Amino acid sequence: MVWKVIGGLLLLWLVVSVAGFVIKGLFWLAVIGGVLFVATAAIGYAGDRKKKIGSE
């Protein structure tokens, strides 16, 4: 369930980033989308890693 939410957020941030690059006046949207994409991926990776370490 958590991976579905994280995957959905990653997809959303990717769409926002692409929209920001396509629409030149919304470059700031691409920057925010990129930052949020990286942050969501890092949180998902850290949570998955934490779960794996705890299960060993």
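The chain exposes about 4400 Å², and carbon and sulfur atoms supply 78% of this area. The structure is a predicted model. Of the 56 residues of the chain, 16% count as buried. The chain holds two helices and zero strands.

**Two residues with opposite accessibility**

Is Thr40 buried or exposed? Buried means under 20% relative accessible area; Thr40 counts as buried because its relative accessibility is 11%. Exposed, by contrast, means over 50%, so Leu11 counts as exposed at 54% relative accessibility. The table sets out these two residues.

| Residue | Helix | Relative accessibility | Class |
|---|---|---|---|
| Leu11 | H1 (residues 2-22) | 54% | exposed |
| Thr40 | H2 (residues 27-55) | 11% | buried |

**Contacts between the helices**

Which residues does Thr40 touch, not counting residues up to four places away in sequence? With that exclusion, Thr40 is in contact with Ile6, Leu9, Leu10 and Trp13. One of these, Leu10, is found in helix H1, while Thr40 belongs to helix H2. Leu10 in turn touches Phe37, Thr40 and Ala41, again leaving out residues up to four places away in sequence. Leu10 and Ala41 are 31 residues apart in sequence, and their C-alpha atoms are 7.1 Å apart in space.

**A nonpolar patch on the surface**

Leu11 also takes part in a nonpolar surface patch, together with Leu14, Val15, Val18, Val22 and Ile23. The accessible area of these residues together is about 560 Å².

Conventions:
Residues are numbered from 1 along each chain as its sequence is written. This is a predicted model: local features need pLDDT of at least 70, side-chain atom pairs count only at pLDDT 80 or more; totals for chains, interfaces and linings use all residues. Side-chain values use heavy atoms; hydrogens and water are left out. Patches are made of residues with over 30% relative accessible area and no salt bridge: like charges are joined within 9 Å, nonpolar side chains (Val, Leu, Ile, Met, Phe, Trp, Tyr) within 5 Å. Accessible areas come from the Shrake-Rupley method with a 1.4 Å probe; for residues, only the protein chains shown count as cover. A salt bridge is a side-chain nitrogen of Lys or Arg within 4 Å of a carboxyl oxygen of Asp or Glu. Helices (H or I, at least four residues) and strands (E, at least two) are DSSP runs, numbered from the N terminus. Buried means under 20% relative accessible area, exposed over 50%, partly exposed in between (1.4 Å probe, protein chains only). Contact means heavy atoms within 4.5 Å.
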